Amino acid sequence: ERAAILATLEECGGNRTQAAKKLGISRGELSDVEATIVETRQRLAALADELRCDIPSLRALCQEMLGAE
């Protein structure tokens, strides 16, 4: 979801109204999703700091624990 939103925003030159329309969601829903992405990123950064590792290492650890590739 995150990648699709970021790609669409880029395609639309950062125009959130146009991106929301292209994604088939409201402008408000796009804002909510963006806020969730930012909040998740902040939580990951805080956890990575606490564990003294970087976010890619943390992501790899989580994938390993979940058995994902």
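## A charged pair between helices α2 and α3

At 34% relative accessibility, R16 counts as partly exposed, and in this predicted model the residue takes part in a salt bridge with E34, in which the closest N and O atoms are 3.1 Å apart. Because E34 lies in helix α3 while R16 lies in helix α2, the pair ties together parts of the chain that are 18 residues apart in sequence. E34 has a relative accessibility of 17% and therefore counts as buried, since the limit for that class is under 20%.

## The other salt bridges

How many salt bridges are there in total? The count comes to three, and one of them joins E11 to K22, with the closest N and O atoms 2.7 Å apart. Here E11 belongs to helix α1 and K22 to helix α2, so this pair ties together parts that are eleven residues apart in sequence. E11 counts as exposed because its relative accessibility is 54%, where exposed means over 50%, and K22, at 53% relative accessibility, counts as exposed too.

A further salt bridge is formed by E39 and R43, whose closest N and O atoms are 2.8 Å apart. Both of these residues lie in helix α3, where they are four residues apart, or about one turn of the helix. E39 is partly exposed, with a relative accessible area of 39%, whereas R43 is exposed, with a relative accessible area of 58%.

## The nonpolar core

Which residues make up the largest nonpolar core? This core has seven residues, namely I5, L9, C12, A19, A20, L30 and V33. The elements that give two or more residues to the core are α1 (residues 2-11), α2 (residues 16-23) and α3 (residues 27-51). In soluble globular proteins, nonpolar side chains tend to be buried together.

I5, one of the core residues, is in contact with L23, L30 and V33 when its neighbours within four places in sequence are left aside. Two of these partners, L30 and V33, also belong to the core.

## The loop between α2 and α3

I25 is found in the loop between α2 and α3, and at 27% relative accessibility this residue counts as partly exposed, because its value falls between the limits of 20% and 50%. If its neighbours within four places in sequence are set aside, I25 is in contact with A20 and L30, and both of these contact partners are listed in the largest nonpolar core.

I25 can also be set against a residue further along the chain, E50, which is 25 residues away in sequence. The C-alpha atoms of I25 and E50 are separated by 36 Å.

## A nonpolar patch on the surface

Where is M65 placed? M65 is in helix α4, which covers residues 55-66, and it is exposed, with a relative accessible area of 66%. Together with L61 and L66, M65 forms a nonpolar patch on the surface, and the three residues have about 380 Å² of accessible area together.

## Confidence in the model

The predictor's confidence, given as pLDDT, has a mean of 87 for the protein, and 97% of the residues reach 70 or more. Which element has the lowest confidence, and which the highest? Confidence is lowest in α4, at a mean of 79, and highest in α2, at 96. The helix with the lowest confidence, α4, is also the helix that holds M65.

Technical notes. Residues numbered from 1 in each chain as written. Predicted model: local features only at pLDDT ≥ 70, side-chain atom pairs only at ≥ 80, totals over all residues. Heavy atoms only, no water. Patch = residues over 30% accessible without salt bridge, like charges linked within 9 Å, V, L, I, M, F, W, Y side chains within 5 Å. Areas by Shrake-Rupley, 256 points an atom, 1.4 Å probe, with all protein chains shown as cover. Salt bridge = Lys/Arg side-chain N within 4 Å of Asp/Glu carboxyl O. Buried < 20%, exposed > 50% of the residue type's maximum accessible area, 1.4 Å probe, protein only. Core = buried A, V, L, I, M, F, W, Y, C linked by side-chain atoms within 4.5 Å. Contact = heavy atoms within 4.5 Å. pLDDT = per-residue confidence, 0-100.
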